[in-house]
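Work through the exercises below with the sequence and the coordinates open. Each task is followed by a solution in steps.

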Amino acid sequence: LVDQYCQELKNSFGSCLRIVEARLRDIMEAQSSAAATMTMNALTKQLRKACSELADESLSEVLCNCLPSFSKEADWALED
């Protein structure tokens, strides 16, 4: 029973990570077609939004809490 629960948890986590990865890819593709330059904090904001939409609240919270934020001086533009 414990092994079954662990497997379900692992599958759920993998599914959530695939969703986040797909959303990140969508964000980056949308940004590449936009005129504005994406910055580190703008990317973090987009990722936080995508993570907050996950159905698993505990996983959403963990992912959102591990996202960094940068000072104004370190908020570099993402290019190449």
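**Exercise 1. Disulfides and cysteines**

Task: Find how many disulfides the whole structure holds, and decide whether Cys64 is buried or exposed and whether Cys66 is buried or exposed.

Solution.
Step 1. A disulfide is a covalent bond between the sulfur atoms of two cysteines. The criterion applied here is a pair of cysteine sulfur atoms within 2.5 Å.
Step 2. Searching the whole structure with this criterion gives zero disulfides.
Step 3. For accessibility, buried means under 20% relative accessible area, exposed over 50%, and partly exposed in between (1.4 Å probe, protein chains only). Cys64 has 14% relative accessibility and so counts as buried. Cys66 has a relative accessible area of 53% and is therefore exposed.

Basis of the values: this is a predicted model, in which local features need pLDDT of at least 70 and side-chain atom pairs count only at pLDDT 80 or more, while totals for chains, interfaces and linings use all residues. Residues are numbered from 1 along each chain as its sequence is written, and side-chain values use heavy atoms, with hydrogens and water left out.

**Exercise 2. The chain as a whole**

Task: State which secondary structure pattern the protein chain follows and what share of its residues is buried.

Solution.
Step 1. Helices (H or I, at least four residues) and strands (E, at least two) are DSSP runs, numbered from the N terminus. The protein chain has three helices and zero strands, in the order α-α-α along the sequence.
Step 2. Of the 80 residues in the protein chain, 22% are buried.
Step 3. The exposed area is about 6100 Å², with 56% of it supplied by carbon and sulfur atoms; accessible areas come from the Shrake-Rupley method with a 1.4 Å probe, and for residues only the protein chains shown count as cover.
Step 4. Contact means heavy atoms within 4.5 Å. Among contacts in the protein chain with a separation of 6 or more, 61% join residues 24 or more positions apart.

**Exercise 3. Packing of H2 and H3**

Task: Describe how helix H2 and helix H3 pack and which residues meet.

Solution.
Step 1. Two packed helices are described by the angle between their axes and the distance between the axes. Axes are lines fitted to C-alpha atoms, for helices over the stretch in contact, and angles run from 0 to 180 degrees between N-to-C directions.
Step 2. For H2 (residues 40–52) and H3 (residues 57–66), the angle is about 170 degrees and the axes are 8 Å apart.
Step 3. Angles under 35 degrees count as roughly parallel, over 145 as roughly antiparallel, 65 to 115 as roughly perpendicular and the rest as oblique. H2 and H3 are therefore roughly antiparallel.
Step 4. From H2, Arg48, Cys51 and Ser52 meet Ser60, Leu63 and Cys64 of H3. By class, this contact has three nonpolar, two polar and one charged residues; Ala, Val, Leu, Ile, Met, Phe, Trp, Tyr, Cys and Pro count as nonpolar, Asp, Glu, Lys and Arg as charged, and the others, Gly among them, as polar.

**Exercise 4. Single residues**

Task: Which residues do Ser60, Cys64 and Thr44 touch, leaving aside those up to four places away in sequence?

Solution.
Step 1. Ser60, in H3, is buried because its relative accessible area is 7%. Ser60 contacts Cys51, Ser52 and Leu54.
Step 2. Cys64, also placed in H3, touches Arg48, Cys51 and Ser52. The C-alpha atoms of Cys64 and Ser52 are 6.9 Å apart, at twelve residues in sequence.
Step 3. Thr44 lies in H2 and, at 6% relative accessibility, counts as buried. Thr44 touches Leu67, Pro68 and Phe70.
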